[in-house]
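Got your viewer open? Let's take a walk through this one together, picking things to select as we go.

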Amino acid sequence: MQTDQDKDQIAKECADSTADLTPQERILATRGIPKLVLYYSIPTIIGMLVNALYVVVDRFFVGQIPDVGADALTGVGLAAPVMNIIGSFAMLVGIGTAATISIRLGNRDKEGAEQVLGNALALNIIFPIALSIVGLIFLEPILVAVGATEATMPFALTYTRIVMAGCIVMFLSFAMNHPIRAMGNPKRFASAQLLGAIINIILSPIFILWMGLGIAGAAISTLIAQSISAAWVLSYYLTNISGKSVVTLRFKNLRLRPKIVLSIFAIGISPFFMQVLGSVINIIANRSLLYYGAIEFGNGDHAVGAFTVIISISMLFVMPVFGINQGSQPIIGFNYGAGNIPRVKQAYKYSLLYSMVFCVVGFVVVQLFAPQLMGMFSNEPMINEIGAVGMRIVLFTMPLMGFQMNAASFFQSIGRAKISLFLALLRQGLILIPAYFILPSLFGFFGIWYAMPVADTIALVITGSMIVREFRLLDKKILDMGAQS
């Protein structure tokens, strides 16, 4: 039987073979895991928190627009699924690229990592141009399908049209930023997120209220902030083009190679589907809220507005978990590629521990202060009343969300694309979508609120069994390594 001492010896043998590693790679291979996860995660958490905060601030000021704040807030909520689908393509490329680079660096394949980076830049130019053209042509019917009504369509259309026209900067600021983290520079990664978020927070009240641009001001401030963030991200590659960085951007690698593109997509497909399914779920939820909200409260638009606030608040606690996942990804990916399985398992365990802290804090805050949180966003009593009850129910299983998110990220980090994709489909598609149809038919409007906690609970059981199975396989791999040594 393999003892902890045997596992430590294997980890030490892996760590001893680091003479030809760069300083950043040596940190990934040798530094203590608890501190290393924090080292990579804290900058990312800060960036994610500020990003979540700017979404919250944006929606706060939209809700304060004189006379039309409630409809404008609902309009932004209706625009969100469309923007999230665009963001899913950025995730496909950005997160897929980061994980692929981490694994190739762990395999000591620097040239392969550079080819991945070059292909990623090409994809981040092609995708947004195509999406902008298609989206702008079909935007109005898309928003109708999402659930926009006569009262909310002008706001959703204005906001989405402006942001979609400049989505190339959203791609560059997001998708080209993730490889920086994979190359061992989490602080630079976080600085790009912070820069865009802080600028947006500053510009939002100026454009929305002080300049009187309303919801158009929210879109313009977002676009300006993302443009500056994208410039900061690209400057990293331009200043490192001499070849001194861990992975250098070489323009000869911009030529798309099918095998490399497929390797990026294979890993990025899981977060891509999670984001797409999130948008589909948002659409289904919005339409259910419109229908059952009109029956229960006489105003479906206000129910959608309440749901928009609930999702915004949840982001303040869920986005840090994404930050921890992204922070642990290069650690897990590099050490898995290097065959250092004990460090892989330890990185996952500490990532889960830190994630649970945020989720438990979020649960407590939501359960204690739901009415106060709702009141920050809207002066409409009906929205606040609907949302306070809904927030406590929808986010009741928030601690379980941390486990589910960490598991999907873990399988993605070790290149197990099929399992990661299944977990992405599990909660979002296989459980939550049917729940949004079945539960409201049984419980009316409140069935919409019950859907998410029910999905979280069922997904936990299945995900837990898959993690246990994978850890047994990793233990077997450690045994095989010990036998060979």
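Which helix is the place of Phe 334? Select Phe 334 and you'll land in helix α13, which covers residues 300–337. One thing to keep in mind on the way: this is a predicted model.

**Stop 1: around Phe 334**

Colour Phe 334 by how covered it is: with a relative accessible area of 2%, it counts as buried, because buried means under 20%. Now add Pro 399 to the selection and draw a distance between the C-alpha atoms. The two are 65 residues apart in sequence and 28 Å apart in space.

Next, pick Ser 102, which sits in helix α4 (residues 69–106). Phe 334 is one of the residues that Ser 102 touches, leaving out residues up to four places away in sequence. The others to show as sticks are Ala 182, Gln 329, Pro 330 and Gly 333. Ser 102 is buried as well, at 2% relative accessibility.

**Stop 2: zoom out**

Bring the whole chain into view and switch to cartoon. You'll be looking at 18 helices and zero strands. Along the principal axes, the C-alpha atoms fill a box of roughly 70 × 50 × 35 Å. The radius of gyration is 22 Å, which agrees with the value near 23 Å that a compact globule of 485 residues would have.

Of those 485 residues, 59% are buried. If you take contacts between residues at least 6 apart in sequence, 82% of them join residues at least 24 apart. Turn on the surface, too: the accessible area comes to about 18800 Å², and 68% of that belongs to carbon and sulfur atoms.

**Stop 3: into the core**

Hide the surface again and select Tyr 237, Tyr 348, Met 391, Phe 410, Tyr 436 and Trp 449. These belong to the largest nonpolar core, which has 140 residues, and they touch the most other members.

Stay with Tyr 436 for a moment. Which residues is Tyr 436 in contact with, leaving aside neighbours within four places in sequence? Show Ile 281, Ile 284, Ala 285, Ser 288 and Phe 307, then Ile 448, Ala 451 and Met 452. Apart from the largest core lies another one, of eight residues, including Met 48, Val 50, Met 315 and Met 319.

**Stop 4: the salt bridges**

How many salt bridges does the count come to? The count is four, and we'll visit some of them.

Start with Glu 114 and Arg 250, where the closest N and O atoms are 2.8 Å apart. Glu 114 lies in helix α5 and Arg 250 in the loop between α11 (215–239) and α12 (258–297), so this pair ties together parts that are 136 residues apart in sequence. Compare how covered the partners are: Glu 114 is buried at 5% relative accessibility, while Arg 250 is partly exposed at 31%.

Then move to Arg 416 and Glu 470, whose side chains meet in a salt bridge with 2.8 Å from N to O. This pair links distant parts of the chain, 54 residues apart: Arg 416 is in the loop between α16 (398–413) and α17 (417–443), and Glu 470 is in helix α18 (residues 446–484). Arg 416 is partly exposed, with a relative accessible area of 25%, whereas Glu 470 is buried at 2%.

Now try Asp 456 and Arg 427, which form a salt bridge at 2.3 Å, N to O. Here helix α18, with Asp 456, is linked to helix α17, with Arg 427, and the two residues are 29 apart in sequence. Buried or exposed? Asp 456 is buried, with a relative accessible area of 3%, and Arg 427 is buried too, at 10%.

**Stop 5: an unusual phi**

Select Arg 108 in the loop between α4 and α5. Most residues other than glycine have a negative phi. Arg 108 is not a glycine, yet its phi is positive, at about 65 degrees. Arg 108 is partly exposed, with a relative accessible area of 42%.

**Last stop: a nonpolar patch**

Bring the surface back and select Ile 125, Ile 129, Ile 133, Val 134, Ile 137, Phe 138, Ile 142 and Ile 168. Together they form a nonpolar patch on the surface, with about 680 Å² of accessible area. Which helix gives the largest share of the patch? Helix α5 (residues 110–137) does, with five residues. Ile 133 has its place in that helix.

Conventions
Residues are numbered from 1 along each chain as its sequence is written. This is a predicted model: local features need pLDDT of at least 70, side-chain atom pairs count only at pLDDT 80 or more; totals for chains, interfaces and linings use all residues. Side-chain values use heavy atoms; hydrogens and water are left out. A nonpolar core is a set of buried Ala, Val, Leu, Ile, Met, Phe, Trp, Tyr and Cys residues joined through side-chain atoms within 4.5 Å. Buried means under 20% relative accessible area, exposed over 50%, partly exposed in between (1.4 Å probe, protein chains only). Contact means heavy atoms within 4.5 Å. Patches are made of residues with over 30% relative accessible area and no salt bridge: like charges are joined within 9 Å, nonpolar side chains (Val, Leu, Ile, Met, Phe, Trp, Tyr) within 5 Å. Accessible areas come from the Shrake-Rupley method with a 1.4 Å probe; for residues, only the protein chains shown count as cover. Helices (H or I, at least four residues) and strands (E, at least two) are DSSP runs, numbered from the N terminus. The radius of gyration is taken over C-alpha atoms; the globule rule is 2.2 Å times the number of residues to the power 0.38.
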